[in-house]
Amino acid sequence: MKRKKKEEDIAELELFHGTNEKFINAISKQGFDFRFSGSKTGNKYGKGSYFAKYAKTADSYTDFGVKKHMFVVRVLPGDYAPGSSSFVRPPPRNPSDPFELYDSCVDNLQNPIIHVIFTFDQVYPEYIIEYRKLGI
């Protein structure tokens, strides 16, 4: 991304990704596989991997049982555009140049809560959080 942007400082976010226990090893060893994204939860903002600003948001994508899992993920969102369920990659920055794309998509440009990433090199699953939800 530094080569593409020709900038020294690229914004890096620490976001959350809720998942099912059966996917923990695969994500840990191989990263996020965008081909499977949305197979269970949909793809309102595009067919990429979803990362949330708040753990509470990511929690809604975990298993429904008592034992839950989520990743803390380092994300390079780059320049982003509003997402759409029809996107399989970010939209073009300029309609006259369809190969110069935004880097990712979000739910809200002014205050993004959900970031959708479409490439492997923009995310790194750093930590796994295993927890139990009280009151279940």
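Q: How much area does the chain expose, and what share of it do carbon and sulfur atoms supply?
A: Accessible areas here come from the Shrake-Rupley method with a 1.4 Å probe, and for residues only the protein chains shown count as cover. By that method the chain exposes about 8600 Å², of which carbon and sulfur atoms supply 53%. This is a predicted model, in which local features need pLDDT of at least 70, side-chain atom pairs count only at pLDDT 80 or more, and totals for chains, interfaces and linings use all residues. Residues are numbered from 1 along each chain as its sequence is written, and side-chain values use heavy atoms, with hydrogens and water left out; the share asked for is 53%.

Q: In which element of the chain is confidence lowest?
A: Confidence is given as pLDDT, the predictor's value for each residue from 0 to 100, and its mean over the chain is 89, with 90% of the residues reaching 70 or more. Strand β7 (residues 104-106) has the highest confidence, at 98. The lowest, at a mean of 64, belongs to helix α1 (residues 2-5).

Q: How many helices and how many strands does the chain have?
A: Helices (H or I, at least four residues) and strands (E, at least two) are DSSP runs, numbered from the N terminus. Read from the N terminus on, the elements run α-β-α-β-α-β-β-β-β-β-β-β. The count is therefore three helices and nine strands.

Q: Is threonine 19 buried or exposed?
A: Threonine 19 lies in strand β1 (residues 13-19), and, leaving out residues up to four places away in sequence, it touches Ile24, Ile27, Tyr61, Thr62, Asp63, His69 and Phe71, where contact means heavy atoms within 4.5 Å. Buried means under 20% relative accessible area, exposed over 50%, and partly exposed in between, with a 1.4 Å probe and protein chains only. Because its relative accessible area is 6%, threonine 19 is buried.

Q: Which class of exposure does glutamate 100 have?
A: Glutamate 100 has its place in strand β6 (residues 97-101) and touches Pro92, Arg93 and Asn94, not counting residues up to four places away in sequence. Since its relative accessible area is 36%, glutamate 100 is partly exposed.

Q: Which residue stands opposite phenylalanine 51 in β8?
A: In a regular strand the side chains alternate between the two faces of the sheet. In strand β2 (residues 49-52) both faces are covered, with Ser49 and Phe51 buried on one side and Tyr50 and Ala52 buried on the other. Four bridges join β2 to the antiparallel strand β8 (residues 114-117), and two strands pair if DSSP finds at least two bridges between them. Opposite phenylalanine 51 stands histidine 115.
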